[in-house]
Amino acid sequence: MLDFAIIGGGPAGLTAGLYATRGGLKNVTMFEKGLPGGQITQSSEIENYPGQLEVVTGMELMDKWPQQCQKFGLKHDMSEVTRVSKNGDTFQLTLGSGETVEAKSVLVATGSVPKAAGIKGEAEFFGKGVSTCATCDGFFYKGKDVVVLGGGDTAVEEAIFLANICKTVYIVHRRDQFRASPHEVEKMKKFDNIVPVMNHTTEEIVGDKMGVTGVVVKDKESGETKTLEAMGCFVFVGRDVLNQCLQQEDGSYLCDLNDSGEVIVNLKMETSLKGLFAAGDIRIDAPKQVVCAAGDGAIAGIGAISYLQ
Ligand code: FAD
Ligand code: NAP
């Protein structure tokens, strides 16, 4: 029986593990299906983590977090948790292997994954020109033209990353103003090879048996369509929270969610179910920042100690 089971090993899960183990909990396991670090490990440039003067990659930022937690006794189980349920005072976690684990308290810190734009060709060419990770796949398009879809911080930051590798980066946004922070937009404007295609919707990603050859976009005002010739299309149109492990056999969820599927928590990161905490990108009103996810994790770790006392 675990004292505290943490689902997800991003900034929220790791920080919860640090605070819970350093605060005295003995039997704490973090279930992380991949390597610890979370989605930020896909980012090429972090410049807003406090105390970090140099610009670092996401990998560099997260490098020492797991070691720091393990020093205080956090265990890492490299498993996916497919379901969490509760029977009396005890939580049951079902793992990908089918094995079950019991815990007295649980934190769900499963974060989010890239959202699909839902356009024709996106699924067909995924991995054959369509990507959601510039750090992973940008190099394949060295000296080539690519298209970035989206107008948020991720789209703008990753367009800048790609501009250092690719010949031309078209950034297609459905409105005439970016959602990204003005600071990032100003940075992007300094790149001559980034071509904003504003007020355009994306109609289709086209290609042949070798992969993507272009992206068809439509001017929202004139209705005219044109094809941006490109070998790569990077989709950055937001994120979906990963709440599937909270779904029960009858289709209901273990705790209250909002209409977007985000977990409703109070300021102590407590959910509607006693002993179940949520932290980071998965919770309502998450600012979706590493520092905030880490802060949530610390609150949840401290909360688990109080709950068990
Ligand atoms: P995540 O980081 O998403 O971690 C969740 C973890 O849970 C993942 O490792 C996943 O594998 C694991 N997991 C999910 N489901 C299960 C399951 N069922 N069982 C086991 N494990 C599971 N923030 C900033 O502050 N500054 C930036 O510059 C910045 N840049 C970004 C750039 C990019 C490209 C992206 C994608 C995000 C960026 N962010 C940035 C946002 C930041 O990465 C997130 O806000 C933060 O990582 C959220 O942390 P989290 O712990 O809640 O979730
Ligand atoms: P986001 O902020 O939700 O932006 C998504 C963008 O995609 C928006 O511009 C949106 O257009 C557009 N979009 C959504 N659905 C679309 C569709 N179907 N077709 C075409 N365009 C579509 O997502 P994000 O950029 O991934 O960022 C997620 C969170 O992480 C944000 O809170 C962000 O601030 C944070 N983050 C922070 C940093 C940083 O601090 N440096 C870096 C990356 C991410 P509209 O604008 O018209 O809605």
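Trainee: Which domains supply the shell around ligand 1?

Mentor: In this predicted model, domain 1 (4-114 + 239-308) and domain 2 (130-235) each contribute at least three residues to the shell around ligand 1.

Trainee: How many residues surround ligand 1, and which are the closest?
Mentor: Ligand 1 is surrounded by 34 residues. The closest are E32, Q39, N48, D281 and V290.

Trainee: How do the residues of that shell divide into nonpolar, polar and charged?
Mentor: Around ligand 1 there are eleven nonpolar, 14 polar and nine charged residues.

Trainee: What about V290, which was on the list of the closest residues? Which atom of ligand 1 is 2.8 Å from a polar backbone atom of V290?
Mentor: That atom is an oxygen of ligand 1. Another oxygen contact involves K288, where a backbone N or O atom lies 3.4 Å from an oxygen atom of ligand 1. V81 is paired with a nitrogen atom of ligand 1 instead, and the distance to a polar backbone atom of V81 is 2.9 Å.

Trainee: What share of ligand 1 does the protein bury?
Mentor: The protein buries 92% of the 1000 Å² that ligand 1 exposes when taken alone.

Trainee: And which elements give two or more residues to the shell around ligand 1?
Mentor: They are α1 (11-22), α5 (153-163) and α7 (290-308).

Trainee: Which element gives the most?
Mentor: That is α5, which gives three residues to the shell around ligand 1.

Trainee: Let us turn to ligand 2. Which residues come nearest to it?
Mentor: N48, D153, E157, R175 and R179 come nearest, out of 18 residues around ligand 2. N48 is also listed among the closest residues to ligand 1.

Trainee: What does the side chain of N48 contact on ligand 2?
Mentor: An N or O atom in the N48 side chain is 2.8 Å from an oxygen atom of ligand 2. Q289 also faces an oxygen atom of ligand 2, with a polar side-chain atom 3.0 Å away. For E157, the partner is a nitrogen atom of ligand 2, and an N or O atom in the E157 side chain is 2.4 Å from that nitrogen.

Trainee: How much of ligand 2 is buried by the protein?
Mentor: Ligand 2 exposes 910 Å² when taken alone, and the protein buries 75% of that area.

Trainee: Which kinds of residue make up the shell around ligand 2, and from which domains?
Mentor: The shell holds four nonpolar, eight polar and six charged residues. At least three residues come from each of domain 1 (4-114 + 239-308) and domain 2 (130-235).

Terms used. Residues are numbered from 1 along each chain as its sequence is written. Chains are lettered from A and ligands numbered from 1 in the order in which they are written. This is a predicted model: local features need pLDDT of at least 70, side-chain atom pairs count only at pLDDT 80 or more; totals for chains, interfaces and linings use all residues. Side-chain values use heavy atoms; hydrogens and water are left out. A residue is near a molecule or strand if one of its heavy atoms lies within 4 Å of it. A polar contact is a pair of N or O atoms within 3.5 Å; within protein, one must be able to donate a hydrogen and the other to accept it, and residues adjacent in sequence count only if both atoms are side-chain atoms. Accessible areas come from the Shrake-Rupley method with a 1.4 Å probe; for residues, only the protein chains shown count as cover. Helices (H or I, at least four residues) and strands (E, at least two) are DSSP runs, numbered from the N terminus. Ala, Val, Leu, Ile, Met, Phe, Trp, Tyr, Cys and Pro count as nonpolar, Asp, Glu, Lys and Arg as charged, and the others, Gly among them, as polar. Domain bounds come from an automatic or database domain assignment.
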